[in-house]
Amino acid sequence: MRLSRGVAVVGAGMTRFHHKLHAGKTSRELFVEAAREAAGSVDSGCELGDVEALFVGNFSSDAFEHQAHTAPLMADWLGLCPRAATRVEDACASSGVAVNMGALAIASGAYDVVLVGGVEKMRNLTTEGVTDTLAMAADDIYEVSAGFTFPGLYASLATAHFARYGSSWEQLAAIAIKNHHNGALNPKAHFQSEIMETARRRGERRGMTFSDEMEFLRSSLNPVIAYPLRLFDCCPVSDGAAVVILSAAEVAKRFTDTPVYIRGLGQASDAMSLHDRADLTTLRATRVAAEQAYGMAGVSADDIDVADVHDCFTIAEVMATEDLGFFPRGEGGRAAVEGRTALDGDRPVNPDGGLKAKGHPVGATGAAMTYEMFLQLRGEAGRHQVEGAEVGLTHNVGASGATVAVQIYGR
(Lines give C-alpha, C1' and ligand atoms only; values in the text may rest on other atoms or scores of the structure.)
Protein backbone atom coordinates (compact mmCIF):
# COMPACT_ATOMS: atom_id res chain seq x y z
CA MET A 1 0.00 0.00 0.00
CA ARG A 2 1.25 3.48 -0.87
CA LEU A 3 0.29 6.89 0.50
CA SER A 4 -2.46 8.29 -1.72
CA ARG A 5 -0.74 11.68 -1.65
CA GLY A 6 2.93 12.50 -1.26
CA VAL A 7 4.16 13.99 2.01
CA ALA A 8 7.34 16.03 2.50
CA VAL A 9 9.31 17.39 5.43
CA VAL A 10 10.02 21.04 4.63
CA GLY A 11 11.36 22.29 7.96
CA ALA A 12 12.68 20.97 11.26
CA GLY A 13 13.82 22.37 14.59
CA MET A 14 15.03 21.01 17.88
CA THR A 15 16.20 22.28 21.23
CA ARG A 16 19.33 20.81 22.67
CA PHE A 17 18.43 17.81 24.83
CA HIS A 18 19.79 18.25 28.33
CA HIS A 19 19.18 17.76 32.06
CA LYS A 20 20.26 21.17 33.41
CA LEU A 21 20.23 23.58 30.48
CA HIS A 22 16.45 23.96 30.51
CA ALA A 23 15.99 24.39 34.25
CA GLY A 24 13.18 26.86 34.83
CA LYS A 25 11.64 26.32 31.40
CA THR A 26 8.27 24.67 30.83
CA SER A 27 7.39 22.21 28.10
CA ARG A 28 5.40 24.89 26.29
CA GLU A 29 8.50 27.12 26.16
CA LEU A 30 10.63 24.26 24.86
CA PHE A 31 8.05 23.44 22.21
CA VAL A 32 7.83 27.05 21.04
CA GLU A 33 11.64 27.21 20.81
CA ALA A 34 11.75 24.14 18.59
CA ALA A 35 8.79 25.32 16.48
CA ARG A 36 10.39 28.69 15.82
CA GLU A 37 13.59 26.99 14.72
CA ALA A 38 11.58 24.70 12.44
CA ALA A 39 9.83 27.66 10.79
CA GLY A 40 13.17 29.45 10.44
CA SER A 41 14.72 26.41 8.74
CA VAL A 42 12.30 26.57 5.80
CA ASP A 43 14.34 27.72 2.83
CA SER A 44 11.72 29.94 1.19
CA GLY A 45 10.21 31.08 4.46
CA CYS A 46 7.29 29.79 6.46
CA GLU A 47 4.98 31.49 8.89
CA LEU A 48 3.46 29.38 11.64
CA GLY A 49 0.17 30.75 10.39
CA ASP A 50 0.60 28.51 7.32
CA VAL A 51 0.06 25.48 9.58
CA GLU A 52 -3.41 23.97 9.37
CA ALA A 53 -3.21 21.40 12.18
CA LEU A 54 -0.94 20.40 15.05
CA PHE A 55 0.02 16.96 16.37
CA VAL A 56 1.93 16.89 19.67
CA GLY A 57 3.72 13.79 20.98
CA ASN A 58 3.88 13.83 24.78
CA PHE A 59 4.04 10.97 27.21
CA SER A 60 3.18 12.43 30.59
CA SER A 61 3.16 16.17 31.13
CA ASP A 62 0.35 15.18 33.52
CA ALA A 63 2.85 13.67 35.96
CA PHE A 64 5.99 15.60 35.06
CA GLU A 65 4.38 19.06 35.15
CA HIS A 66 0.86 18.53 36.53
CA GLN A 67 -0.36 19.74 33.13
CA ALA A 68 -2.68 17.81 30.85
CA HIS A 69 -4.55 18.87 27.68
CA THR A 70 -1.17 19.62 26.17
CA ALA A 71 -1.97 20.02 22.47
CA PRO A 72 -4.28 23.07 22.64
CA LEU A 73 -1.85 24.62 25.11
CA MET A 74 0.90 24.38 22.49
CA ALA A 75 -1.44 25.69 19.79
CA ASP A 76 -2.26 28.68 21.99
CA TRP A 77 1.39 29.49 22.66
CA LEU A 78 2.18 29.22 18.95
CA GLY A 79 -0.74 31.43 17.98
CA LEU A 80 -2.43 28.57 16.10
CA CYS A 81 -5.85 28.57 17.75
CA PRO A 82 -8.51 27.68 16.59
CA ARG A 83 -6.75 25.09 14.39
CA ALA A 84 -7.13 21.45 15.32
CA ALA A 85 -4.59 20.29 17.90
CA THR A 86 -4.16 16.67 18.95
CA ARG A 87 -1.99 15.14 21.66
CA VAL A 88 -0.56 11.70 20.86
CA GLU A 89 0.50 9.42 23.72
CA ASP A 90 2.23 6.14 22.95
CA ALA A 91 4.91 6.20 25.66
CA CYS A 92 8.39 6.79 24.19
CA ALA A 93 6.96 6.42 20.66
CA SER A 94 4.55 9.32 21.12
CA SER A 95 6.02 11.70 18.54
CA GLY A 96 7.03 8.94 16.14
CA VAL A 97 3.35 7.98 16.04
CA ALA A 98 2.49 11.70 15.78
CA VAL A 99 4.65 11.92 12.63
CA ASN A 100 2.67 9.03 11.16
CA MET A 101 -0.61 10.73 12.08
CA GLY A 102 0.48 14.03 10.56
CA ALA A 103 1.59 12.31 7.36
CA LEU A 104 -1.68 10.38 7.10
CA ALA A 105 -3.69 13.57 7.71
CA ILE A 106 -1.97 15.17 4.72
CA ALA A 107 -2.22 12.02 2.59
CA SER A 108 -5.97 11.94 3.27
CA GLY A 109 -6.36 15.40 1.76
CA ALA A 110 -7.61 16.94 5.00
CA TYR A 111 -4.65 19.34 5.24
CA ASP A 112 -1.80 20.66 3.11
CA VAL A 113 0.55 21.75 5.92
CA VAL A 114 0.77 20.39 9.46
CA LEU A 115 3.15 20.85 12.34
CA VAL A 116 4.24 17.73 14.22
CA GLY A 117 6.36 17.78 17.32
CA GLY A 118 7.16 16.20 20.62
CA VAL A 119 8.18 17.48 24.01
CA GLU A 120 8.94 16.26 27.50
CA LYS A 121 10.00 18.18 30.59
CA MET A 122 11.19 15.36 32.81
CA ARG A 123 13.63 17.02 35.17
CA ASN A 124 10.96 18.63 37.35
CA LEU A 125 10.96 15.32 39.22
CA THR A 126 13.67 13.46 41.10
CA THR A 127 15.24 10.39 39.53
CA GLU A 128 12.90 8.28 41.64
CA GLY A 129 9.93 10.32 40.44
CA VAL A 130 10.99 9.97 36.82
CA THR A 131 11.37 6.21 37.29
CA ASP A 132 7.86 5.96 38.76
CA THR A 133 6.37 8.04 35.97
CA LEU A 134 8.06 6.07 33.19
CA ALA A 135 6.89 2.86 34.84
CA MET A 136 3.33 3.82 33.92
CA ALA A 137 4.21 2.70 30.38
CA ALA A 138 4.81 -0.85 31.65
CA ASP A 139 2.16 -3.28 32.87
CA ASP A 140 1.27 -2.08 36.36
CA ILE A 141 -0.28 -5.37 37.49
CA TYR A 142 2.22 -7.89 36.14
CA GLU A 143 5.48 -5.95 35.92
CA VAL A 144 5.61 -2.77 38.00
CA SER A 145 4.01 -4.32 41.07
CA ALA A 146 6.61 -7.11 40.85
CA GLY A 147 9.43 -4.55 41.03
CA PHE A 148 10.31 -4.20 37.34
CA THR A 149 11.62 -0.88 36.06
CA PHE A 150 12.61 -0.29 32.45
CA PRO A 151 16.30 -1.04 33.07
CA GLY A 152 15.12 -4.35 34.51
CA LEU A 153 12.84 -5.08 31.57
CA TYR A 154 15.56 -4.39 29.01
CA ALA A 155 18.03 -6.36 31.12
CA SER A 156 15.67 -9.31 30.69
CA LEU A 157 15.79 -8.83 26.92
CA ALA A 158 19.59 -8.64 27.09
CA THR A 159 20.02 -11.84 29.10
CA ALA A 160 17.67 -13.67 26.72
CA HIS A 161 19.68 -12.44 23.74
CA PHE A 162 22.97 -13.39 25.41
CA ALA A 163 21.68 -16.88 26.18
CA ARG A 164 20.36 -17.60 22.69
CA TYR A 165 23.03 -16.01 20.51
CA GLY A 166 26.13 -15.79 22.67
CA SER A 167 26.14 -11.99 22.43
CA SER A 168 27.96 -10.18 25.21
CA TRP A 169 28.17 -7.06 27.33
CA GLU A 170 31.38 -6.11 25.47
CA GLN A 171 29.28 -5.77 22.32
CA LEU A 172 26.92 -3.45 24.19
CA ALA A 173 29.90 -1.39 25.34
CA ALA A 174 30.97 -0.96 21.71
CA ILE A 175 27.59 0.64 21.01
CA ALA A 176 27.97 3.03 23.95
CA ILE A 177 31.44 4.04 22.76
CA LYS A 178 30.19 4.59 19.19
CA ASN A 179 27.15 6.62 20.20
CA HIS A 180 29.09 8.83 22.60
CA HIS A 181 31.56 9.49 19.78
CA ASN A 182 28.68 10.56 17.54
CA GLY A 183 27.08 12.63 20.28
CA ALA A 184 30.36 14.51 20.72
CA LEU A 185 29.91 15.68 17.10
CA ASN A 186 26.30 16.81 17.58
CA PRO A 187 25.67 20.27 19.09
CA LYS A 188 22.12 19.24 20.06
CA ALA A 189 23.20 16.16 22.05
CA HIS A 190 22.89 15.79 25.81
CA PHE A 191 26.35 14.19 26.09
CA GLN A 192 28.98 15.91 23.97
CA SER A 193 32.12 14.09 25.00
CA GLU A 194 33.78 10.82 24.09
CA ILE A 195 33.70 8.12 26.75
CA MET A 196 37.48 8.33 27.12
CA GLU A 197 37.22 12.03 27.90
CA THR A 198 34.62 11.24 30.54
CA ALA A 199 36.88 8.51 31.92
CA ARG A 200 39.80 10.91 32.31
CA ARG A 201 37.64 13.58 33.96
CA ARG A 202 35.95 11.23 36.43
CA GLY A 203 39.12 9.29 37.05
CA GLU A 204 41.07 12.43 38.01
CA ARG A 205 38.51 13.22 40.70
CA ARG A 206 39.05 9.78 42.24
CA GLY A 207 42.75 9.28 41.63
CA MET A 208 42.11 6.64 38.97
CA THR A 209 43.56 6.28 35.47
CA PHE A 210 42.28 4.18 32.56
CA SER A 211 44.18 2.92 29.54
CA ASP A 212 41.13 2.76 27.29
CA GLU A 213 37.34 3.01 27.25
CA MET A 214 36.78 -0.65 28.10
CA GLU A 215 38.86 -0.45 31.25
CA PHE A 216 36.72 2.49 32.38
CA LEU A 217 33.46 0.80 31.40
CA ARG A 218 34.42 -2.28 33.42
CA SER A 219 35.27 -0.19 36.49
CA SER A 220 33.29 0.80 39.55
CA LEU A 221 32.65 4.18 37.90
CA ASN A 222 30.27 2.36 35.53
CA PRO A 223 28.13 0.44 38.03
CA VAL A 224 25.63 -2.26 37.20
CA ILE A 225 22.10 -0.84 37.06
CA ALA A 226 20.25 -4.05 36.18
CA TYR A 227 22.48 -6.96 35.19
CA PRO A 228 23.97 -7.05 32.60
CA LEU A 229 23.23 -3.38 31.91
CA ARG A 230 25.58 -0.80 33.41
CA LEU A 231 25.21 2.94 33.76
CA PHE A 232 26.67 3.68 30.32
CA ASP A 233 24.26 1.22 28.73
CA CYS A 234 21.34 3.47 29.73
CA CYS A 235 20.11 6.69 28.13
CA PRO A 236 20.01 9.83 30.31
CA VAL A 237 16.96 11.66 31.64
CA SER A 238 16.63 14.75 29.46
CA ASP A 239 14.39 17.73 28.78
CA GLY A 240 13.75 18.91 25.23
CA ALA A 241 11.51 19.33 22.21
CA ALA A 242 11.62 18.69 18.48
CA VAL A 243 9.27 19.93 15.74
CA VAL A 244 8.93 19.22 12.03
CA ILE A 245 6.77 20.87 9.38
CA LEU A 246 5.11 18.50 6.93
CA SER A 247 3.45 19.49 3.66
CA ALA A 248 1.76 17.83 0.74
CA ALA A 249 4.30 17.02 -1.95
CA GLU A 250 2.63 19.24 -4.51
CA VAL A 251 2.98 22.33 -2.32
CA ALA A 252 6.45 21.51 -0.91
CA LYS A 253 8.19 23.57 -3.62
CA ARG A 254 6.54 26.67 -2.15
CA PHE A 255 8.77 26.15 0.85
CA THR A 256 11.99 24.57 -0.38
CA ASP A 257 13.80 23.18 -3.41
CA THR A 258 15.20 20.34 -1.28
CA PRO A 259 12.31 18.69 0.56
CA VAL A 260 12.74 15.33 2.26
CA TYR A 261 9.90 12.95 1.45
CA ILE A 262 8.24 10.41 3.72
CA ARG A 263 8.30 7.44 1.38
CA GLY A 264 6.94 4.85 3.77
CA LEU A 265 5.61 4.44 7.28
CA GLY A 266 4.48 1.67 9.56
CA GLN A 267 3.18 1.11 13.07
CA ALA A 268 2.54 -2.00 15.13
CA SER A 269 1.82 -3.12 18.68
CA ASP A 270 2.61 -6.05 20.93
CA ALA A 271 1.74 -7.41 24.36
CA MET A 272 2.59 -4.97 27.15
CA SER A 273 3.95 -7.67 29.46
CA LEU A 274 7.11 -9.49 28.51
CA HIS A 275 5.71 -12.73 29.94
CA ASP A 276 3.08 -12.73 27.17
CA ARG A 277 5.67 -12.69 24.38
CA ALA A 278 6.90 -15.84 22.70
CA ASP A 279 10.43 -14.53 22.09
CA LEU A 280 12.37 -12.00 24.17
CA THR A 281 15.24 -11.70 21.69
CA THR A 282 13.20 -9.69 19.17
CA LEU A 283 10.51 -7.01 19.08
CA ARG A 284 7.68 -8.31 16.91
CA ALA A 285 6.24 -4.80 16.54
CA THR A 286 9.51 -3.60 14.98
CA ARG A 287 9.46 -6.38 12.40
CA VAL A 288 5.83 -5.71 11.48
CA ALA A 289 6.16 -1.90 11.35
CA ALA A 290 9.34 -2.19 9.29
CA GLU A 291 7.70 -4.57 6.82
CA GLN A 292 4.86 -2.06 6.37
CA ALA A 293 7.26 0.86 5.86
CA TYR A 294 9.56 -1.02 3.47
CA GLY A 295 6.56 -2.18 1.45
CA MET A 296 5.06 1.29 1.20
CA ALA A 297 8.40 2.81 0.18
CA GLY A 298 9.25 0.03 -2.24
CA VAL A 299 12.67 -0.50 -0.65
CA SER A 300 14.41 -3.11 1.47
CA ALA A 301 16.78 -2.96 4.41
CA ASP A 302 19.68 -3.07 1.94
CA ASP A 303 18.61 0.31 0.53
CA ILE A 304 18.90 2.21 3.82
CA ASP A 305 21.89 4.55 3.92
CA VAL A 306 21.42 5.91 7.45
CA ALA A 307 19.19 5.00 10.38
CA ASP A 308 18.15 6.41 13.71
CA VAL A 309 17.00 3.55 15.93
CA HIS A 310 15.57 3.53 19.44
CA ASP A 311 18.54 2.77 21.70
CA CYS A 312 17.10 3.64 25.12
CA PHE A 313 19.47 0.89 26.26
CA THR A 314 22.38 -0.47 24.26
CA ILE A 315 20.71 -3.88 23.88
CA ALA A 316 17.83 -2.09 22.14
CA GLU A 317 20.16 -1.00 19.32
CA VAL A 318 21.38 -4.57 18.90
CA MET A 319 17.82 -5.88 18.62
CA ALA A 320 16.70 -3.02 16.35
CA THR A 321 19.46 -3.56 13.80
CA GLU A 322 18.50 -7.22 13.62
CA ASP A 323 14.73 -6.71 13.56
CA LEU A 324 15.02 -4.05 10.85
CA GLY A 325 16.95 -6.50 8.67
CA PHE A 326 20.32 -4.76 8.72
CA PHE A 327 22.02 -7.84 10.16
CA PRO A 328 21.05 -11.49 10.72
CA ARG A 329 19.56 -12.44 14.06
CA GLY A 330 22.30 -12.61 16.69
CA GLU A 331 24.77 -10.55 14.62
CA GLY A 332 23.83 -6.97 15.65
CA GLY A 333 26.32 -6.74 18.51
CA ARG A 334 29.15 -8.21 16.48
CA ALA A 335 28.47 -5.71 13.70
CA ALA A 336 28.87 -2.86 16.19
CA VAL A 337 32.22 -4.24 17.40
CA GLU A 338 33.39 -4.51 13.79
CA GLY A 339 32.56 -0.83 13.17
CA ARG A 340 29.85 -1.51 10.62
CA THR A 341 27.38 0.85 12.36
CA ALA A 342 29.88 3.71 12.73
CA LEU A 343 29.59 6.95 10.76
CA ASP A 344 31.96 5.57 8.12
CA GLY A 345 30.64 2.01 8.30
CA ASP A 346 28.49 0.28 5.71
CA ARG A 347 25.44 0.56 8.02
CA PRO A 348 25.61 3.91 9.89
CA VAL A 349 23.26 3.82 12.88
CA ASN A 350 22.46 6.71 15.22
CA PRO A 351 24.83 9.28 13.73
CA ASP A 352 23.38 11.90 16.10
CA GLY A 353 24.38 9.86 19.16
CA GLY A 354 21.05 8.10 19.50
CA LEU A 355 19.02 8.17 22.67
CA LYS A 356 22.11 6.92 24.47
CA ALA A 357 24.09 10.15 23.94
CA LYS A 358 21.70 12.59 22.26
CA GLY A 359 19.23 12.11 25.12
CA HIS A 360 15.67 10.87 25.46
CA PRO A 361 12.98 13.37 26.50
CA VAL A 362 10.52 10.60 25.81
CA GLY A 363 7.76 12.51 24.02
CA ALA A 364 10.26 14.33 21.79
CA THR A 365 12.35 11.41 20.56
CA GLY A 366 10.44 10.36 17.43
CA ALA A 367 10.25 13.92 16.10
CA ALA A 368 13.95 14.36 16.89
CA MET A 369 14.68 11.36 14.66
CA THR A 370 12.75 13.00 11.81
CA TYR A 371 14.75 16.18 12.47
CA GLU A 372 17.94 14.14 12.05
CA MET A 373 16.77 12.62 8.76
CA PHE A 374 15.89 16.10 7.48
CA LEU A 375 19.50 17.17 8.11
CA GLN A 376 21.14 13.97 6.91
CA LEU A 377 19.30 13.72 3.59
CA ARG A 378 19.89 17.40 2.82
CA GLY A 379 23.60 17.03 3.65
CA GLU A 380 23.33 19.50 6.54
CA ALA A 381 24.29 17.35 9.54
CA GLY A 382 27.73 18.90 9.92
CA ARG A 383 30.35 16.85 11.71
CA HIS A 384 28.09 13.84 12.07
CA GLN A 385 26.99 13.79 8.43
CA VAL A 386 26.81 10.39 6.74
CA GLU A 387 28.31 11.06 3.32
CA GLY A 388 26.07 10.37 0.36
CA ALA A 389 22.98 9.47 2.40
CA GLU A 390 19.89 9.38 0.18
CA VAL A 391 17.52 7.00 1.98
CA GLY A 392 16.99 7.13 5.75
CA LEU A 393 15.01 5.19 8.34
CA THR A 394 13.70 6.07 11.79
CA HIS A 395 12.58 3.56 14.41
CA ASN A 396 10.79 4.76 17.54
CA VAL A 397 9.77 2.32 20.30
CA GLY A 398 7.18 2.77 23.01
CA ALA A 399 8.20 1.26 26.36
CA SER A 400 9.58 -2.28 25.93
CA GLY A 401 8.18 -2.68 22.44
CA ALA A 402 4.39 -2.53 22.87
CA THR A 403 4.35 0.26 20.26
CA VAL A 404 6.74 0.78 17.35
CA ALA A 405 6.67 3.41 14.59
CA VAL A 406 8.97 3.24 11.56
CA GLN A 407 9.41 5.76 8.76
CA ILE A 408 11.41 5.69 5.52
CA TYR A 409 12.68 9.03 4.15
CA GLY A 410 14.16 9.93 0.77
CA ARG A 411 15.10 12.87 -1.45
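This passage describes a central sheet and two of the helices in a predicted model. Residues are numbered from 1 along each chain as its sequence is written. In this predicted model, local features need pLDDT of at least 70, side-chain atom pairs count only at pLDDT 80 or more, and totals for chains, interfaces and linings use all residues, while side-chain values use heavy atoms, with hydrogens and water left out.

The sheet is open and holds 9 strands in the order E3-E2-E4-E7-E1-E8-E11-E10-E9, with mixed pairing. Its edge strands are E3 (84–88) and E9 (306–308), each of which pairs on one side only. From one strand to the next, the twist averages 25°. Helix H4 (residues 94–107) packs on this sheet, touching E1 (7–14), E2, E3, E4, E7, E8, E10 (391–398) and E11, and its direction makes about 55° with that of E11. Helices (H or I, at least four residues) and strands (E, at least two) are DSSP runs, numbered from the N terminus; two strands pair if DSSP finds at least two bridges between them. Axes are lines fitted to C-alpha atoms, for helices over the stretch in contact (heavy atoms within 4.5 Å), and angles run from 0 to 180 degrees between N-to-C directions.

Strand E4 (residues 113–120) is a good place to look more closely. Of its 8 residues, 8 are buried, that is, under 20% relative accessible area, against over 50% for exposed and in between for partly exposed (1.4 Å probe, protein chains only). Val113, Leu115, Gly117 and Val119 point one way, and Val114, Val116, Gly118 and Glu120 the other way. E4 pairs in the parallel sense with E2 (residues 53–57) over 5 bridges, and Phe55 has Val116 as its bridge partner. With E7 (residues 240–248), E4 pairs in the antiparallel sense over 8 bridges, and here Gly118 stands opposite Ala242.

Elsewhere in the sheet, E8 (residues 260–269) and E11 (residues 403–410) run antiparallel and are joined by 8 bridges; Gln267 has Ala405 as its bridge partner.

Helix H10 (residues 284–297) has 14 residues, so at 1.5 Å a residue (times one less than the number of residues) it should span 20 Å, which agrees with end C-alpha atoms 20 Å apart. Its buried residues include Ala285, Ala289, Ala293 and Tyr294. The buried residues of H10 cover an arc (of the directions from the helix axis to the C-beta atoms) of only 160°, which puts them on the same side of the helix. They pack against E8, helix H11 (314–323), E10 and E11. After H10 comes Gly298, whose phi is positive, near 70°.
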